[in-house]
Amino acid sequence: MRMTGHDAAPPTREELRQLRALRGRAPHVIAHGRGEGVLAVALRDALAVRRGGRWSLVGWQSIQHGSWAEDEGRLAWELVDGTRDAVVLTGAGPLPGAFMERVQASILVQERVEVPGGGSVVLSGRRNPDGTGGVTWMAEPSARVAMDDPAVQEFIVGQGERLASEYGL
């Protein structure tokens with residue numbers, strides 16, 4: 001029986017100690033969820049996942065897309081480099097909502113621009129929601145955009161520079 005709407009047992013002192021050792025500072029836990037052999041923790045600056053006794057961290061600004069399938073208890077995400085991952089949680093509590101909020105909080109500016117030659121690109125300027133690190137610019141094209149075309153690349157860079165200037169980034 002899935003209990004995705006219910007709270008999971010919080011991270012133990014040992015789990016938090018390991019996470020602190022990995023990060024070099026105390027973790028600020030926003031929400032957490034557990035599944036069979038997995039613990040997922042939303043921190044201010046990262047998603048921390050513990051599998052097989054080992055932690056991994058993903059900065060919120062590195063997550064391009066995420067989804068929550070409540071009926072399966074499955075939290076999935078895709079990174080900006082195309083890497084995909086997921087966890088199945090039997091107790092998720094507020095973790096799915098915190099996950100989505102943290103990903104959205106990493107977006108400083110987002111704009112859809114029409115590209116010469118057809119199609120559009122969504123330009124996003126993102127930074128870790130804890131305010132650390134530089135702004136990373138991403139361009140997510142529609143299917144019709146020729147991203148390998150140097151003129152399109154130049155246009156996208158110019159639009160990114162325009163947005164950076166307009167928003168003081």
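Let me begin with the side of helix α3 that faces outward: the face turned away from its buried side carries the exposed residues Pro150, Ala151, Glu154, Glu161 and Ser165. Please keep in mind throughout that what we are looking at is a predicted model.

On the other side, the buried residues of α3 are Val152, Ile156, Gln159, Gly160, Leu163 and Ala164, and because they cover an arc of only 140 degrees around the axis, they lie on the same side of α3. As for what lies over these buried residues, the cover includes the strands β8, residues 107-114, β9, residues 120-126, and β10, residues 136-141.

Now to the length and the two ends of this helix. Helix α3 has 17 residues, 150-166, and at 1.5 Å a residue it should span 24 Å, which agrees with its end C-alpha atoms being 24 Å apart. At the start of α3, a side-chain oxygen of Asp149 comes to within 2.8 Å of the backbone nitrogen of Ala151, and Ala151 is itself among the exposed residues I listed at the beginning. After the helix comes Gly168, which has a positive phi, near 65 degrees.

Let me turn to two of the covering strands. How do β8 and β9 run relative to each other, parallel or antiparallel? They run antiparallel, and seven bridges join them, with Gln110 standing opposite Ser124 in β9. Together β8 and β9 form a hairpin that has five residues between the strands, and in that turn Gly117 has a positive phi of about 100 degrees.

So that you can place this against the helix again, β8 and β9 are both among the elements that cover the buried residues of α3.

Note on methods:
Residues are numbered from 1 along each chain as its sequence is written. This is a predicted model: local features need pLDDT of at least 70, side-chain atom pairs count only at pLDDT 80 or more; totals for chains, interfaces and linings use all residues. Side-chain values use heavy atoms; hydrogens and water are left out. Helices (H or I, at least four residues) and strands (E, at least two) are DSSP runs, numbered from the N terminus. The expected span of a helix is 1.5 Å times one less than its number of residues. Buried means under 20% relative accessible area, exposed over 50%, partly exposed in between (1.4 Å probe, protein chains only). The arc is that of the directions from the helix axis to the C-beta atoms. Contact means heavy atoms within 4.5 Å. A polar contact is a pair of N or O atoms within 3.5 Å; within protein, one must be able to donate a hydrogen and the other to accept it, and residues adjacent in sequence count only if both atoms are side-chain atoms. Two strands pair if DSSP finds at least two bridges between them.
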